[in-house]
Amino acid sequence: MRGAILAAAIPSEAIQSASIPSEAIQAEALELLEWPRLGEQVAGFAGTTAGRALAAGLPLAPDRAASQRLLAETTELLALDGLTEGGLSFQGVADLSRTLPLCAKGGIAPADDLLAVATTLAAARRLRRQIDDPQLRPVTTALVEQLRTLPELEQRLRFCIEEGGRVADRASPVLAELRRQLAAARADRRDRLNGLLRRYAPLLQDAVIAERNGRPVLAVKAGAASQVPGLVHDSSASGSTVFIEPQAVLPLGNRIRQLEGEEREAELAVLQELSGLVGEEADTLEQLQRILTALDYGVARGRYGAWLGAVRPELEADPSAPLLLEELRHPLLLWQHRHQGGQPVVPVSVRVGPELRVVAITGPNTGGKTVTLKSVGLAALMARAGLFLPCSGSPRLPWCAQVLADIGDEQSLQQNLSTFSGHIRRIARILAALPPAGVDPIGGDPTAAQAAVEASPAATAPCGASLVLLDEVGAGTDPTEGTALAIALLRQLAERARLTIATTHFGELKALKYGDPRFENASVAFDVDTLSPTYHLQWGIPGRSNALAIAARLGLEPAVLDRAQELLAPRGEGEVNQVIAGLENQRQRQQEAAEEAAALLARTELLHEELLQRWQQQKEQSAELQEQRREQLERSIRDGQQEVRRIIRRLRQGRAVDTTALGETARRAGQRLKTLEQEHRPVPERREHRGWRPAVGDRVRVLSLGKAGEVLALSPDGRELSVRCGVLRLNLELAAIEGLNGEKPAPPEPAKAQVQIRSRRNPASRGPQVRTERNTVDVRGMRVHEAEAAVEEQLRAANGPLWVIHGIGTGKLKRGLREWLATVPYVERVSDAEQGDGGPGCSVIWPK
């Protein structure tokens with residue numbers, strides 16, 4: 001049935017046109033999608049003539065691998081262009097398309113063209129140096145690795161040709177000698193002419209040296225022409241002046257003409273030599289030109305994508321892969337909006353699953369259906385050409401080998417084609433370019449599919465997905481037959497193309513999705529109140545043409561509208577439109593509810609963040625207040641301690657018998673103040689890591705030194721260990737270390753008796769029993785009460801023995817400290833240090 005409808009609908013001339021190769025219908029689709037306009041826009045971002053020409057053509061990659069390579073080039077060059085100050089520059093790169101063939105055939109190129117070869121070689125070397133980075137830019141680095149910049153040829157060209165295109169004197173000894181002779185002859189002639197000017201001044205009309213036919217002449221009065229011997233070259237329009245080349249300079253003029261001819265011959269000899277050198281490297285230079293053009297084209301693609309705010313698409317190898325384009329904007333409309341102003345471009349989102357084959361877009365005219373078709377078609381072509389897509393997120397789509405389109409009016413009076421006939425001829429060419437019916441382009445037997453495809457007219461098309469775009473399918477004829485033809489055509493395309501997107505006003509096409517899972521509906525929204533389209537694409541909901549509503553708003557008589565509504569009722573159109581309207585209203589309510597929920601969620605998140613910030617502020621303020629109180633208490637305690645020390649010093653200086661009791665009282669007050677300070681001192685927060693025990697070879701931190709060391713040995717009971725810290729070897733208790741991440745060691749459960757024995761044997765082994773800078777205080781030169789204050793300050797923070805260097809001298813400082821330490825309750829004993837640590841000049845204080 002479908003075949004009969006298609007056969008009856010397609011005229012004979014359309015069947016004949018089906019034999020046109022698929023390249024022709026694809027080129028026609030590019031014109032319909034305005035692909036050349038896009039190429040002109042991209043070409044505006046190129047920096048060279050050849051790059052602009054290539055970008056204007058905007059060639060399509062022959063396969064997915066080539067498209068992936070182009071996208072990688074675009075990504076790498078765009079990143080490098082952004083990192084380079086002023087962007088990548090192609091200054092100096094010239095178009096060598098005419099110079100190279102001329103030199104290769106033995107011709108002589110002009111000096112300017114040869115100098116352009118040298119500047120191109122220099123620019124190629126500079127660009128290769130900027131791009132070469134296999135880690136960051138593997139694709140473009142592989143491209144520039146093929147460049148041969150021919151430094152010897154560039155050096156020779158620059159040596160022989162000066163800036164401005166003049167052949168240099170140094171290019172040839174013969175040329176240098178000829179130019180020296182020319183300069184001398186011209187100077188001699190100039191001097192002689194100046195002498196003749198002075199000699200014949202009364203006979204001259206003007207005291208200047210003029211030029212006629214390339215020869216110097218004097219402007220002589222006509223009546224005095226016979227008095228100036230020479231050759232007449234010209235006369236003035238009035239006849240009052242005769243221009244004469246004096247006889248005295250005629251031989252010099254002839255000699256100069258001869259030397260100029262020899263100079264031109266010498267220059268041509270140099271240019272012929274240089275052209276021969278360029279011709280010998282023509283193939284290398286042509287490859288260099290192609291690579292530089294490709295780089296310029298890649299930079300132009302990247303800059304165009306950045307200007308659009310586009311993102312890189314992901315091309316899937318599987319033709320049945322989903323097509324996901326979020327907030328896609330038509331690039332040509334975006335260009336028009338930014339250059340000419342007007343309304344902003346409304347994006348559309350296209351989400352096509354792997355099971356879908358046909359999407360029918362319905363809705364009113366001027367609602368954006370055709371723009372959606374062109375946007376999707378251009379997106380597929382742009383991804384294939386290595387361009388970024390004006391989308392949001394991460395666009396994904398299958399690589400499309402064919403993008404075929406029937407958009408616009410094919411009416412032609414010259415070819416005797418109506419609108420319908422024009423559409424049919426184009427659709428016939430589209431069908432001829434697709435794989436034959438019965439062969440699944442997406443799945444099935446690959447061998448059978450390949451054989452069928454090779455036998456079809458579309459065998460020359462590259463392997464990939466096919467995208468078909470149909471605008472107003474089935475229009476231009478009787479609605480009943482047009483609907484039947486459209487249904488048959490879409491079902492045929494569902495079997496032969498990866499995706500077909502068709503716009504229509506036929507209501508029957510809206511019901512196809514309910515009988516075939518390969519079909520889907522979409523519609524463009526329209527605001528009936530304002531009679532203006534919103535251009536938003538709605539998936540899953542068929543659209544209404546809204547013809548009656550628009551007519552009513554435009555002032556059509558109510559009687560006509562009522563009659564039209566009555567005529568729609570028997571056909572069920574009114575009920576269908578009511579269902580569609582209900583779906584649209586339901587979708588609108590759901591969208592509004594979703595927006596309200598999103599807004600509520602956003603407000604909740606803001607409130608949550610605000611509460612967290614307030615809690616954090618209160619926590620910081622509370623901690624700050626506690627810190628202030630602690631500091632105030634510590635200051636009070638320190639003030640009290642200083643007052644007690646002053647009392648003690650005064651009591652010691654007195655000789656009264658009752659001062660001992662007063663001194664003891666003051667000392668107990670000082671101890672009480674120290675106790676208060678210890679009670680209010682904040683406990684440092686440490687992370688507890690239960691169960692951690694050091695092992696031989698572990699790296700640990702010695703708490704008293706604040707440095708890391710290596711565990712050398714452990715005691716049998718695991719409570720002591722030997723640690724090497726730099727050049728020191730320390731014997732420490734387990735509590736004197738921690739892990740590098742703050743882990744606290746967990747010793748085994750000790751026996752009570754063992755703990756008491758160890759406590760008696762080594763009661764003060766809380767820190768390293770070795771003198772360091774941290775546990776040493778030097779009080780030499782201080783008075784006794786000053787030394788007491790300094791030692792007391794150190795003892796409060798001591799975690800082990802404290803070494804006090806007081807020197808020997810008269811022994812008064814040592815005796816005063818020993819007497820005072822004997823009264824300090826938290827000092828266990830005081831002894832002289834080892835001979836290596838100072839001997840009698842240093843005391844070791846062991847705190848309890």
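**Exercise 1.** Find the bridge partner of Asp 832 in S23.

*Solution.* Step 1: the partner of Asp 832 in S23 is Ser 843. Step 2: place the strands. S22 covers residues 827-832 and joins S23 through five bridges, running antiparallel. Strands here are DSSP runs (E, at least two residues), and helices are runs of H or I with at least four, numbered from the N terminus. Two strands pair if DSSP finds at least two bridges between them.

The model is predicted: local features need pLDDT of at least 70, side-chain atom pairs count only at pLDDT 80 or more, and totals for chains, interfaces and linings use all residues. Residues are numbered from 1 along each chain as its sequence is written, and side-chain values use heavy atoms, leaving out hydrogens and water.

**Exercise 2.** Determine whether S23 is enclosed or not.

*Solution.* Step 1: apply the cut-offs. Buried means under 20% relative accessible area, exposed over 50%, partly exposed in between (1.4 Å probe, protein chains only). Step 2: six of the six residues of S23 (842-847) are buried, so the strand is largely enclosed by the rest of the structure. Step 3: split the side chains. Cys 842, Val 844 and Trp 846 point one way; Ser 843, Ile 845 and Pro 847 point the other way. Step 4: add S21 (802-805), which pairs antiparallel with S23 over four bridges. Ile 805 has Cys 842 as its bridge partner.

**Exercise 3.** State the strand order of the four-stranded open sheet.

*Solution.* Step 1: the order is S1-S2-S4-S3, with antiparallel pairing. Step 2: S1 (204-212) and S3 (230-235) are the edge strands, each pairing on one side only.
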